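Let's take a walk through this model together. Keep the 3D view open as you read.

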Amino acid sequence: MNLLRSILIRVAYAVALLIAVIVLNFTMMYLAPGDVADTIAQASGGADPEVMEAIRREYGLDQPFIIQLGTYVGKVLQLDLGYSFFYNQPVMQLMLDRLPATLLLVLTAQIVALIVGVLLGVISARNPNGISSHFVTLFALFGYSAPVFWTGILLLIAFSLLVPLFPVAGMRDVTLEDPSFFTQVVDVLHHLVLPAFTLASIFLALYSRLCRAAMLEVLGSDYIRTAKAKGLSDRQIVYKHGLKNALSPVVTLAGLQFSAVVSGAVLVETVFSWPGLGTLALQAIIARDTPVILGILFFSALVVIVVNLITDLVLRTIDPRIRTGSA
Amino acid sequence: MSDQTQPAERASSPLAETVQMFMKNHAAVVALVVLTCIVIGAVVGPFVYPNDPFDMVWAPFSPPGEEGYIFGTDYLGRDLAAMIVHGAQVSLTIGLAAAFMSVFIGITIGALAGFYRGWVEEVLMRFTEFFQVLPTLLFSMVIVALFGASLVTVTIAIGAVSWTAVARITRAEFLRIRELEYVMASRSAGAGNLKLMFGVILPNAAPPIIVQAALMVGTAILFEAGLSFLGLTDPNVVSWGQIIGSNRQYILDAQWTVTIPGLAIFVTVLAISLVGDGLNDALNPKLRQR
């Protein structure tokens, strides 16, 4: 029962955060120079002041701020994000078309980063002064300091141009004729490798460093000594007793980092022309398509909030200490 | 007189001790030297190397070394070396200014939350969490898109979204220090809230904040590079990220136009994070764990 209650509180809090994002969105749109009437006028090649007035009345732009805000929040909560005059499509439709590509990229990158990061962290923690440990430290420094779009371009030069192993851009090979489902999946995965590894490179470094620190701490604790005294094998101690306890800070960080992953995705998508929300955001900004820009900000905040919620639940299942602690 | 003799008697002042600890971290010392060179280069470079970075000087895509252009030319035949030197100033200035702004916001919010506790803390920390949910790059892209691309908006856009870590650290330090006896002592000696916050607690909370601030400069430079790579920057100046962004279609013909500016960003940020590591060792010797 307690678990259910604390989950409900979390969900209510997430909804409140989301409403705050919508309010921020609207306030920025309100404060920014230019409005929908300008956009429409621009798209149709200019309009006289009376027509502009009429448009403003029709869209409720002559109402006071607070009423406009209320209407906007209400609309967004009904998942009506407005209309893109540039794409001639409802913003919601645009988002839903692009969302799967971004989710695929972001989740793959996050999973790759977690698995490889944890493995590297464990390897270097088992032998803190060995070669592999120094390698992990160096690798982490690279991940911290290299701009992710540059890493992407370097991988592109290396593995698409010099050694043509992977495609240069996009998510699908449009020249495939009447591909079967299986070929399509393989094709998308083939396109996914470079972008996913590029995006993973930033977080991989972070996770391996944190996992290394957490592992070193855990391996020094009493119950590990007990496990050793019981005569368990090294492998069993490290992976079963050690890793289980070192994992929870890493998962916490992975959840907190998710908004950074989405930020990184914008750059990576641009480098690899990946048809997701990031490339859409950039196109919308260049086209000054405000409803789309704000829609993407809202959508990505929504994704981050949902992921944070899931992380919270995952943590509760893998770490009983949190369950009892917050009850 | 006694003032003059006392420091000599002590083995070392706190500052000297910190410097000594820092010198032990060789990587950090090397990084500091490199960083100093980069900063000097950015300050005096444009005088030593006065070529206008927007001038077309030679055939496009000439490789490094040709005709005396050590880094070659870009797709418009502009001197890449001039662009790097002039870009250094922009990248470093925006990085520093944005980091300064985010540290200022972070300290203010963290200090108020940690000092007053209660509903102030609740409200401010919820506010901080709110900013952590928004993907920072996307948020600052929106700010730049809506309010125009100038050096000032770019700086504000970066500073306004990257203060959350500083706020959290400051708050945690304030929560710890406000309960210590010397704070109690100053309070009973009649120190006001402002004096307690910024005169007593903040100086003692400084070490982790300084380390974070140093790292923030690196993050801000990466951030600016990302924005200008996407073309969201003042079109009248050159910056490292923007060189990469504008040349990236031509990597097949001219890889150096992308690799060299990227290397500049990488080395600068790497040097900053190594110096940050060194500062961390020097300022928190107790937290040192290897």
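Right after helix 9 of chain B comes Gly190(B), with a positive phi near 100°. (Helices here are DSSP runs of H or I with at least four residues, strands are runs of E with at least two, and both are numbered from the N terminus.) As for helix 9 itself, residues 181–188, zero of its eight residues are buried, so it lies largely in the open. Buried means that 20 or more other C-beta atoms lie within 10 Å of a residue's own; 12 or fewer makes it exposed, anything in between is partly exposed, and the C-beta atoms are placed from the backbone.

A quick note on what you're looking at: this is a predicted model, where local features need pLDDT of at least 70 and side-chain atom pairs count only at pLDDT 80 or more, while totals for chains, interfaces and linings use all residues. Residues are numbered from 1 along each chain as its sequence is written, and chains are lettered from A and ligands numbered from 1 in the order in which they are written.

Positive phi also turns up in chain A, in two residues that are not glycines. Most residues other than glycine have a negative phi. Here is the pair:

| Residue | Phi | Loop in chain A | Other C-beta atoms within 10 Å |
|---|---|---|---|
| Asn88(A) | about 55° | between strand 1 (83–84) and strand 2 (89–90) | 8, exposed |
| Ser273(A) | about 45° | between helix 11 (258–272) and helix 12 (277–286) | 14, partly exposed |

Chain A as a whole has 14 helices and two strands. Of its 327 residues, 36% count as buried.

Now, how do the chains meet? Chain B brings 32 residues to the contact and chain A brings 31, where two residues are in contact if their C-beta atoms, placed from the backbone, lie within 7 Å. On the chain B side, helix 6 gives the most, with nine residues. By class, that side has 24 nonpolar, seven polar and one charged residues. (Ala, Val, Leu, Ile, Met, Phe, Trp, Tyr, Cys and Pro count as nonpolar, Asp, Glu, Lys and Arg as charged, and the others, Gly among them, as polar.)

Finally, which residues touch the most other members of the largest nonpolar core? Among them are Ile293(A), Ala281(A) and Met141(B), in a core of 163 residues. Such a core is a set of buried Ala, Val, Leu, Ile, Met, Phe, Trp, Tyr and Cys residues joined through C-beta atoms within 7 Å. Helix 4 (residues 80–116) of chain B gives the most to this core, 19 residues. Leaving aside neighbours within four places in sequence, Ile293(A) is in contact with residues including Ala281(A), Val142(B) and Ala145(B).
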